[in-house]
Amino acid sequence: MIALQIENVKDFMSRLFQGDMFDKFHVNRAEVTTFITLTADGKKNVSWFDSDEEDNGDRLVVWRQLKPVIFSFIRGNKTPDRLEIDFSHYMKDGDMGSLRIQYSENGLFVYTGYMQREFVIDKGKQQAWDENCIAFIKKNQIISTLLE
């Protein structure tokens, strides 16, 4: 696991809500606090969709689907008191990588995580995920500081 502090909050939030940087990530959970707290668990309610609507078989929504809902909730003159979004990426071997975005008065942070389907001592996959996340942030020209 690594922790990154995002230096330019406004730029990052613009990319999060108006760009497509995270659109393909699955959302495990999102929580935003403004005048109330809005929580979304990310689990897709398959029975809600019409039979002619596309269903890719995923059990979680992707950010592209949830982003407009969260954005409309925080839109306005005030920034939210708190924002937390847990993204996940499922690997073909059953492992899962995660990115957690956490915003509060203390700043904006991105945390990585990696869960292996089976217990192994080798942490090579976890390290590779962390390195890929850092590369992803850099590729999208997000200025960040790696926290020790």
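Contact, in what follows, means heavy atoms within 4.5 Å, and it is in this sense that the buried residues of α2 pack against α1, β2, β3 and β4. The model is a predicted one, and this helix, with the sheet it lies on, offers a convenient way into it.

In α2, the buried residues are Trp 63, Leu 66, Lys 67, Ile 70, Phe 73 and Ile 74. Seen down the helix axis, these buried residues fall within an arc of 130°, so they line one face of α2. The spacing can be understood from helix geometry: an α-helix has 3.6 residues a turn, so residues three or four places apart point the same way. The length of α2 also agrees with expectation, because its 12 residues, at 1.5 Å a residue, should span 16 Å, and the C-alpha atoms at its ends are 16 Å apart. Just after α2, Gly 76 takes a positive phi of about 150°.

The sheet itself is open and consists of seven strands in the order β3-β2-β4-β5-β6-β1-β7, with antiparallel pairing. Its edge strands are β3 (37–40) and β7 (144–147), each of which pairs on one side only. On average, and with direction ignored, neighbouring strands of the sheet are turned by 15° against each other.

Beginning at the β3 edge, β2 and β3 form a hairpin with three residues between them, and these antiparallel strands are joined by four bridges. Within this pairing Ala 30 stands opposite Ala 40 in β3, while Glu 31 has Thr 39 of β3 as its bridge partner. Further along the sheet, β4 and β5 pair in the antiparallel sense over eight bridges, and the bridge partner of Leu 83 in β5 is Tyr 103. The hairpin of β4 and β5 has five residues between the strands, and in this hairpin Gly 94 takes a positive phi near 95°. The pairing of β5 with β6 is likewise antiparallel and runs over nine bridges; here the hairpin has two residues between the strands, and Leu 99 stands opposite Thr 112 in β6.

Two helices can now be placed against this sheet. Helix α2 lies across β2, β3 and β4, running at about 0° to β2, whereas α3 lies across β1, β4, β5, β6 and β7, running at about 145° to β6. In the loop between α3 and β7 lies Gln 141, which has a positive phi of about 55° although it is not a glycine. With a relative accessible area of 61%, Gln 141 is exposed, the cut-off for that term being over 50%.

What remains is the nonpolar interior. In soluble globular proteins, nonpolar side chains tend to be buried together. Here the largest nonpolar core has 34 residues, of which Phe 12, Leu 16, Phe 22, Trp 63, Leu 83 and Phe 87 touch the most other members. The elements that give two or more residues to this core are β1 (3–6), α1 (9–18), β2 (26–33), α2 (63–74), β4 (82–90), β5 (96–104), β6 (107–115) and α3 (124–139). The largest share, five residues, comes from α2.

Which residues does Trp 63 touch, not counting residues up to four places away in sequence? They are Leu 16, Phe 17, Phe 22, Asp 23, Phe 25, Val 27, Ile 70, Ile 85 and Phe 87. Trp 63 thus links two parts of this account, as one of the buried residues of α2 and as one of the core residues that touch the most other members.

Technical notes
Residues numbered from 1 in each chain as written. Predicted model: local features only at pLDDT ≥ 70, side-chain atom pairs only at ≥ 80, totals over all residues. Heavy atoms only, no water. Core = buried A, V, L, I, M, F, W, Y, C linked by side-chain atoms within 4.5 Å. Buried < 20%, exposed > 50% of the residue type's maximum accessible area, 1.4 Å probe, protein only. Pairing = 2+ DSSP bridges. Axes fitted to C-alpha atoms, helices over the stretch in contact; angles between N-to-C directions. Expected span 1.5 Å × (residues − 1). Arc of directions from axis to C-beta.
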